[in-house]
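Biologist: I'm new to this one, so could you show it to me and let me pester you about the labels?

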Amino acid sequence: MENFLFNHLNFARNVTLRIAQEVTEEQADIIPEGFNNNIRWNLGHIYLIQEQFAFHFIDEPKLIPDGFRELFGLGTKPADWTIQPPTLSEIIELLQEQPVRIKEKLENRLTETLTTPFTFPGLAMNTVGEILTLSLYHEGAHAETIKALKKLSTK
């Protein structure tokens, strides 16, 4: 089961990266009517939340670049940015290396109990494997948003 979960993490990330690598810097910043965020925000948010899901709840060091919380955290949006966001290629590079680092640090630890249980509406998670499974849902939801934003940005 452990290999399955890490393979699934890689699969989800590769889908996200395939979409991202077809986006221009200009497209990354378009916010269509009815949306609060753009492709750049969604990609940075995927990275930030995955980092928190993977490492925060077991007190492992996180690799979060300066400004990422302010730019890509819950409730943030590009309209409120006061600092320069990273380039698309910088975010893509972080997204590419993250699954490798997660596997290296969390291999053989999926049944480890979280130092702080995490509750998502209607779902309580108590182990590393459980929270990584939630991260698959999170990334998939944002990948679909990125696809919609990409489609709307080319019209």
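Biologist: Why is Asp-59 called exposed?

Modeller: This is a predicted model, and in it Asp-59 has a relative accessible area of 58%. Exposed means over 50%, so Asp-59 earns the label with its 58%. Asp-59 sits in the loop between α3 (39–55) and α4.

Biologist: What makes the phi of Asp-59 worth pointing out?

Modeller: Its sign. Phi of Asp-59 is near 55°, a positive value, and the residue is not a glycine. Most residues other than glycine have a negative phi.

Biologist: Where does Asn-108 lie, and what is its phi near?

Modeller: Asn-108 lies in the loop between α5 and β1. Phi of Asn-108 is near 65°, which is again positive in a residue other than glycine.

Biologist: How do you know whether Asn-108 is buried or exposed?

Modeller: Put the value against the cut-off. Exposed is over 50%, and Asn-108 has a relative accessible area of 67%, so exposed is the word.

Biologist: What do you call Lys-105, given its relative accessible area of 36%?

Modeller: Buried needs under 20% and exposed needs over 50%. With 36%, Lys-105 falls in between, so it is called partly exposed. Lys-105 is part of helix α5. Leaving out residues up to four places away in sequence, Lys-105 touches Phe-55 and Glu-60. Thr-116 is eleven residues from Lys-105 along the sequence, and their C-alpha atoms are 18 Å apart.

Biologist: Why does Ile-102 count as buried?

Modeller: The limit for buried is under 20%, and Ile-102 has 1% relative accessibility, so it counts as buried. Ile-102 is in helix α5 too.

Biologist: Which residues does Ile-102 touch, not counting those up to four places away in sequence?

Modeller: Ile-102 touches Phe-6, Leu-9, Gln-50, Ala-54, Phe-55, Glu-107 and Leu-132. Take Phe-6: it is 96 residues from Ile-102 along the chain, yet their C-alpha atoms are separated by 8.6 Å.

Biologist: What makes α1 and α5 roughly antiparallel?

Modeller: Two packed helices are described by the angle between their axes and the distance between the axes. The axes of α1 (residues 2–20) and α5 (residues 88–106) cross at roughly 175° and come within 11 Å. Over 145 degrees counts as roughly antiparallel, and that is therefore the name for this pair.

Biologist: Which residues of α1 and α5 meet?

Modeller: From α1 there are Phe-6, Leu-9, Asn-10, Arg-13, Leu-17 and Ala-20. Across from them, α5 brings Leu-88, Ile-92, Leu-95, Gln-96, Gln-98, Pro-99, Ile-102, Lys-103 and Leu-106. By class, the contact has ten nonpolar, three polar and two charged residues.

Biologist: How do you know whether Ala-20, in that list, is buried or exposed?

Modeller: Ala-20 has 1% relative accessibility, and buried means under 20%, so Ala-20 counts as buried. Ala-20 is in contact with Leu-43, Leu-88 and Ile-92, leaving aside neighbours within four places in sequence. Ile-146 is 126 residues away from Ala-20 in sequence, but 8.1 Å away C-alpha to C-alpha.

Biologist: And what about Gly-129: buried or exposed?

Modeller: Gly-129 has a relative accessible area of 11%, which is under 20%, so buried it is. Gly-129 is found in helix α6 (residues 128–153). Apart from neighbours within four places in sequence, Gly-129 is in contact with Leu-5 and Leu-110.

Biologist: Zooming out, why is the protein called as compact as a globular protein of its length?

Modeller: First, the parts: there are six helices and two strands, and along the sequence they follow the pattern α-α-α-α-α-β-β-α. The radius of gyration is 16 Å, close to the 15 Å that the globule rule gives for 155 residues, so the description fits. Buried residues make up 48% of the 155.

Biologist: How much confidence does the prediction carry?

Modeller: The average pLDDT is 95, and 99% of the residues score at least 70. Among the elements, strand β1 (residues 113–120) has the lowest mean, 91, and helix α4 (residues 68–72) the highest, 98.

Definitions and conventions
Residues are numbered from 1 along each chain as its sequence is written. This is a predicted model: local features need pLDDT of at least 70, side-chain atom pairs count only at pLDDT 80 or more; totals for chains, interfaces and linings use all residues. Side-chain values use heavy atoms; hydrogens and water are left out. Axes are lines fitted to C-alpha atoms, for helices over the stretch in contact, and angles run from 0 to 180 degrees between N-to-C directions. Helices (H or I, at least four residues) and strands (E, at least two) are DSSP runs, numbered from the N terminus. Angles under 35 degrees count as roughly parallel, over 145 as roughly antiparallel, 65 to 115 as roughly perpendicular and the rest as oblique. Contact means heavy atoms within 4.5 Å. Ala, Val, Leu, Ile, Met, Phe, Trp, Tyr, Cys and Pro count as nonpolar, Asp, Glu, Lys and Arg as charged, and the others, Gly among them, as polar. pLDDT is the predictor's confidence in each residue, from 0 to 100. The radius of gyration is taken over C-alpha atoms; the globule rule is 2.2 Å times the number of residues to the power 0.38. Buried means under 20% relative accessible area, exposed over 50%, partly exposed in between (1.4 Å probe, protein chains only).
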